[in-house]
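Trainee: Could you take me through one part of this model up close? I'd like to start with a single residue and then see how the two chains meet.

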Amino acid sequence: MNYQVNEKGYYGEFGGAYIPEMMVPNIEELRRTYLEIIQSYDFRQEFIGLLKNYVGRPSPLYLAKRLSEKYQSNIFLKREDLNHTGSHKINNTIGQILVAKKLGKTRIIAETGAGQHGLATATVCALMGLECIVYMGEVDVERQVPNVKKMRMLGAKVIPALSGSKTLKDATNEAMRDWINNPVDTHYIIGSVVGPHPYPDMVARFQSVISEEIRWQLDEQTGRENPTRVIACVGGGSNAAGAFYHFLDQENVELIGVEAAGKGVDTNESAATLTLGTPGVLHSSRSILMQTDDGQVTEPYSISAGLDYPGIGPMHANLFTTHRAKYLWATDAEVLDAALELTQLEGIIPALESAHALAVLKKIQLKPDEVTVINLSGRGDKDMETYLKYFGY
Amino acid sequence: MNNRINKLFQEKKEQILSVYFTAGYPNLEDTVPMIQELVKNGVDLIEIGMPFSDPVADGPVIQHSSLIALQNGMSIRKLFDQLKDIRQTVDIPLILMGYINPVLQYGVAAFCQKCKEIGIDGLIIPDLPMDVFEEEFKKVFEANGLHNIFLITPQTSEERLRKIDAVSTGFIYMVSSNSTTGAKTSVSELQNEYFERVNSFGLKNPRLIGFGISNAETFANACQYSSGAIIGSAFVKALEGSDPLHQKVSGFINSIVTVS
């Protein structure tokens, strides 16, 4: 089975470009040119060079011994938290800023939830000397203060989104409106595998470096390229898309995405889209989303700003529907426990988002001879206030 | 297909005034009285907005009216219920305007069927792309006598414009500038050049100009370059305040056109 996007921009029945006419010229330009640009020799050289010398790739694949002992199995952590700016988001922003430059754009806009994508965008804009505007829900501006300050220090303008639940969905709406109003000089760096085609595919390709490295690193350390399973957290789904990418066709590798259940999937405060959602169109692609019978998008909730989103990328909707990947969930409380567990067993403070992936270790059966790779998508610096409040240190 | 929209453009070649409002705003039950007041004040065409939680093509005014309408309890089902007898009192063309997701949830076929029963003449769904419309929606729209109205912008290429003209059956919605609704309140020389350029193509469909039409001056300017114009945000904005609905409507419409 083919799990990649088809020539019309769909993953099975999901994807496409449900865009207003005002966005057509920009999206068409991108659709026509993105593959040629990112597959060109010059682009590859520059992209790979920056990932190595600026981002610090390859990120380590680390056998977490004490964690493995506790769960009586072999658990590897893919250390995306060690990338420059502290998460996997920089892989995509490096790629897209090079695309934007190639297209002659001078103004960059982005949405952000936890601020990791905003920070990664502000960083590459500083690197390339381009104007940067980041839309961020007002609630997230308040709960992710360090990232907001970093973005401003990097020269980006952070504009709070005041509509809806004032989180990631609303920031994305504002970024789209900005692009509609600035159709000529602006490139929109979408931070996840969401949005109209070709964004989900383009972002997945830039993030696919994660699973490309996992394969050779695992081979180097264990003599096998394929783990038993790969686990990653899912909001829009970019780190999971990157961690799954080169294993999609390796049907014997189990793929597990972990959604944010917030206070629980049976409460009204959750962001577990695949568990609670139905098919529909949000942010210009057909996917699965949390909505009412009337087709109004539901306001999500999660302790993690990066996963607090009522939709999911079309690639994941297809992997879910075809049962190629399994999607579990973790509640706020389970996530906080998992974050503390990793911190005290391995000396690594994970981002709240990444702690969702760790939390399902308690929910699945691990066997002693199995190899599990968890994508540790980001570090916990930005979440210290939440952690300190909860644990009372 | 030949319905009230085609008839309007056959009978009236200029100065067509089309007005948009959000159903259920300012009050849930304002929908029908609003339509009746607009008709009484000589409006030629009405676009009834179906509120959506995430209106990405709209500026702050229609975002706000949509939010209030939804909080008031507006839904597609409620709207259809309010409109069920509208054709007993109203003869002018009626268009429903909204985003694709609520239509998908209602079910496209059921939605179009209901539109036909009520006497809706056309739909404007900004996030329904032309290729998806042709493949999945065109047949069922046509079977129910519904025109799909496409938007064009100053950035729309000539090739695409001609394609849109070929697919269109009612009229073309000429967006005055690449923007969200209500973002601009004037129309520049540059935009007039774009209107003239489009006029020189000899398209088969008539055009109405929308976005940035907010007063008598911008309406008159738009009418020089097209069959008429569409007013949305400026009208919705005029609905604020505590005056009775009929006063707010007549006050606004009279500020745009002198009733002849």
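Mentor: Sure, let's start with A:S68. This is a predicted model, and in it A:S68 counts as buried because its relative accessibility is 6%, with the cut-off for buried set at under 20%. A:S68 sits in helix α3 of chain A, which covers residues 65–71. Leaving aside residues up to four places away in sequence, A:S68 touches A:L63, A:S73, A:N74 and A:I75.

Now for the place where the chains meet. Chain A puts 33 residues into the contact and chain B puts in 37 residues. Between them the two chains bury about 2800 Å², and 51% of that is on carbon and sulfur atoms. On the chain A side, A:E21, A:M22 and A:R177 lose the most area to chain B, together 23% of what that side buries.

On to the polar side of things. There are 20 residue pairs in polar contact between chain A and chain B, counting pairs with both residues at pLDDT 80 or more. Four salt bridges cross the interface. One of them links B:E136 with A:R286, whose closest N and O atoms are 3.2 Å apart.

As for which elements of chain A take part, α1 (24–39), α8 (168–181), β11 (278–282) and β12 (285–289) each give two or more residues to the side touching chain B. The largest share, seven residues, comes from α8(A). Sorted by class, that side of chain A has 17 nonpolar, eight polar and eight charged residues.

Technical notes. Residues are numbered from 1 along each chain as its sequence is written. Chains are lettered from A and ligands numbered from 1 in the order in which they are written. This is a predicted model: local features need pLDDT of at least 70, side-chain atom pairs count only at pLDDT 80 or more; totals for chains, interfaces and linings use all residues. Side-chain values use heavy atoms; hydrogens and water are left out. Contact means heavy atoms within 4.5 Å. Buried area is the accessible area (1.4 Å probe) that two parts lose on being put together, summed over both. A salt bridge is a side-chain nitrogen of Lys or Arg within 4 Å of a carboxyl oxygen of Asp or Glu. A polar contact is a pair of N or O atoms within 3.5 Å; within protein, one must be able to donate a hydrogen and the other to accept it, and residues adjacent in sequence count only if both atoms are side-chain atoms. Helices (H or I, at least four residues) and strands (E, at least two) are DSSP runs, numbered from the N terminus. Ala, Val, Leu, Ile, Met, Phe, Trp, Tyr, Cys and Pro count as nonpolar, Asp, Glu, Lys and Arg as charged, and the others, Gly among them, as polar. Buried means under 20% relative accessible area, exposed over 50%, partly exposed in between (1.4 Å probe, protein chains only).
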